[in-house]
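Here is a short report on a ligand site and one residue of a loop. Look over the sequence and the model before reading on.

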Amino acid sequence: MADSGTPGWDTDPIVARTPRRPSLSGVRTADVCVVGLGASGLSAMAEVLRRGLSVIGLDAGRIAAGAAGRNGGFLLAGPAPGVQRAAESWGVAAAMELYRDTVNELDWLAQTLGPDIVRRAGSLRLAGLPGDPRSEFEAADRLREIADCQEQLSFLTGHGIRAEWYSGTLGEGLFLPDDGAMNPARRALSQAGRLGDAGARCALFEHSAARSISAGSVKTTAGEVRCGLVVVAVDGGLDVLLPELAGRVRTARLQMLATEPLPDLAKLPCPVYGRWGYDYAQQDPAGRLFLGGGRDIDVEAEWTTDSQPTEVVQAYLDGLVLRFAGNPVPVSHRWAASVGYTEDGRALVTSARDGVVACGGYNGTGNLVGPVAARAAVTLGLDGTPPPACFAS
Ligand SMILES: Cc1cc2nc3c(=O)[nH]c(=O)nc-3n(C[C@H](O)[C@H](O)[C@H](O)COP(=O)(O)OP(=O)(O)OC[C@H]3O[C@@H](n4cnc5c(N)ncnc54)[C@H](O)[C@@H]3O)c2cc1C
């Protein structure tokens with residue numbers, strides 16, 4: 001019987017054994033208060049510390065309680081819509097700038113956290129799903145996607161981005177050698193651990209939900225942070241926490257599962273996403289599949305702030321396990337989390353209210369874009385410098 005609600009990543013012994021942080025009580029002061037301790041909020045905290053300032057971080061749950069600790073673990077360089085689609089809609093310069101920034105972020109992560117956490121195996125964008133098409137519709141859709149992959153390949157190589165055509169046991173598509181994969185919960189906990197080095201200038205509090213956010217003050221049930229700037233780094237649910245952003249960012253649920261180890265330890269050579277990026281899977285070194293997708297299966301129901309897995313989407317994911325593994329494999333964990341979507345695929349980096357900047361809306365691909373956006377939010381809040389054109393302000 002699968003564990004419903006708990007991310008499969010949490011079985012990692014380091015994730016399971018990491019000591020928890022206290023919750024906030026009483027009044028504390030800092031130059032900056034960061035609300036939300038996913039990878040984005042933790043990166044915002046690191047940026048504040050790099051500037052020699054003090055920072056307090058708050059999370060409603062534990063560190064990386066949201067999507068940052070519950071996602072597919074893909075480290076894909078570039079914007080969520082894909083760099084060539086983003087170039088068409090935001091302009092080549094903006095799309096390429098975000099591409100470069102996310103590659104730098106990935107290089108930094110790989111160097112800093114090491115190969116136990118970041119596996120630089122590349123990624124595979126498959127046209128369709130592994131194996132032969134199962135219907136005429138699927139066959140025709142696959143041909144359209146092969147054509148799209150070819151177009152993407154020529155855009156990428158034409159702009160100096162490494163990419164190769166893939167034709168192999170899984171099907172056909174594009175191999176992007178610069179990408180990577182990770183256990184996202186371990187990544188966030190490791191980033192949080194590194195902040196501890198800053199001692200008195202830095203404090204993190206778990207189970208301390210911000211109940212009111214205003215210029216100079218963030219209040220929780222039992223405490224308050226008084227500060228010069230508030231940075232809200234929350235992807236899913238940003239439109240609820242800061243209702244003035246509703247209409248610019250909208251919360252959706254994404255779902256995943258994890259399986260028991262596959263008998264074939266090397267079934268997937270690298271993280272693989274297929275069917276126009278809707279479905280994805282990576283295999284960890286122990287052989288387990290971490291698989292998600294089906295965002296388009298029950299579209300309207302997934303526009304929700306609820307983060308419990310549903311029968312409809314999980315049944316679809318069960319079918320995907322068969323496609324990716326080739327055989328039935330027992331499922332050990334099923335879970336979901338919230339993310340934010342924007343109209344044109346650009347993440348938000350914006351002044352939400354007096355003394356409060358916010359970032360979020362990563363359109364389902366925030367592992368690298370989130371930290372880049374979070375640093376831009378700190379720069380906006382502390383220096384008044386508007387974010388680059390790859391973000392919506
Ligand atoms: C199933 C799934 C699969 C995904 N797969 C990928 C992938 O493979 N690659 C990729 O790049 N992206 C992926 N994403 C998207 C990615 O996970 C997110 O864009 C990214 O993790 C967002 O991180 P964040 O730190 O910005 O925000 P979040 O992870 O949303 O973190 C926000 C934090 O804020 C806290 N919080 C909320 N409200 C409050 C409050 N009132 N007070 C204090 N704290 C609060 C939450 O507890 C949470 O810890 C996926 C998302 C999901 C759900």
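## Polar contacts to the ligand

The side chain of D59 places an N or O atom 2.6 Å from an oxygen atom of the ligand. This is a predicted model. The backbone takes part too. A polar backbone atom of A67 is 3.2 Å from a ligand oxygen atom. For A65, a backbone N or O atom lies 3.4 Å from an oxygen atom of the ligand.

The protein buries 93% of the 1000 Å² that the ligand exposes when taken alone.

## The shell around the ligand

Three elements each give two or more residues to this shell: α2 (39–50), β14 (250–261) and β18 (331–341). There are 36 residues around the ligand. S40, D59, A68, A210 and D235 come nearest. D59 is also the residue whose side chain has an N or O atom 2.6 Å from a ligand oxygen.

What is the make-up of the shell, by nonpolar, polar and charged residues? It holds 20 nonpolar residues, 13 polar ones and three charged ones.

## L53, in the loop after α2

L53 sits in the loop between α2 and β3 (55–58). Is L53 buried or exposed? Neither: it counts as partly exposed, because its relative accessibility is 26%, and the partly exposed class lies between under 20% for buried and over 50% for exposed.

Leaving out residues up to four places away in sequence, L53 touches D31, V48, R201 and L382. V48 falls within α2 (39–50). The C-alpha atoms of L53 and C202 are 8.9 Å apart in space, while the two residues are 149 residues apart in sequence.

Conventions. Residues are numbered from 1 along each chain as its sequence is written. This is a predicted model: local features need pLDDT of at least 70, side-chain atom pairs count only at pLDDT 80 or more; totals for chains, interfaces and linings use all residues. Side-chain values use heavy atoms; hydrogens and water are left out. A residue is near a molecule or strand if one of its heavy atoms lies within 4 Å of it. A polar contact is a pair of N or O atoms within 3.5 Å; within protein, one must be able to donate a hydrogen and the other to accept it, and residues adjacent in sequence count only if both atoms are side-chain atoms. Accessible areas come from the Shrake-Rupley method with a 1.4 Å probe; for residues, only the protein chains shown count as cover. Helices (H or I, at least four residues) and strands (E, at least two) are DSSP runs, numbered from the N terminus. Ala, Val, Leu, Ile, Met, Phe, Trp, Tyr, Cys and Pro count as nonpolar, Asp, Glu, Lys and Arg as charged, and the others, Gly among them, as polar. Buried means under 20% relative accessible area, exposed over 50%, partly exposed in between (1.4 Å probe, protein chains only). Contact means heavy atoms within 4.5 Å.
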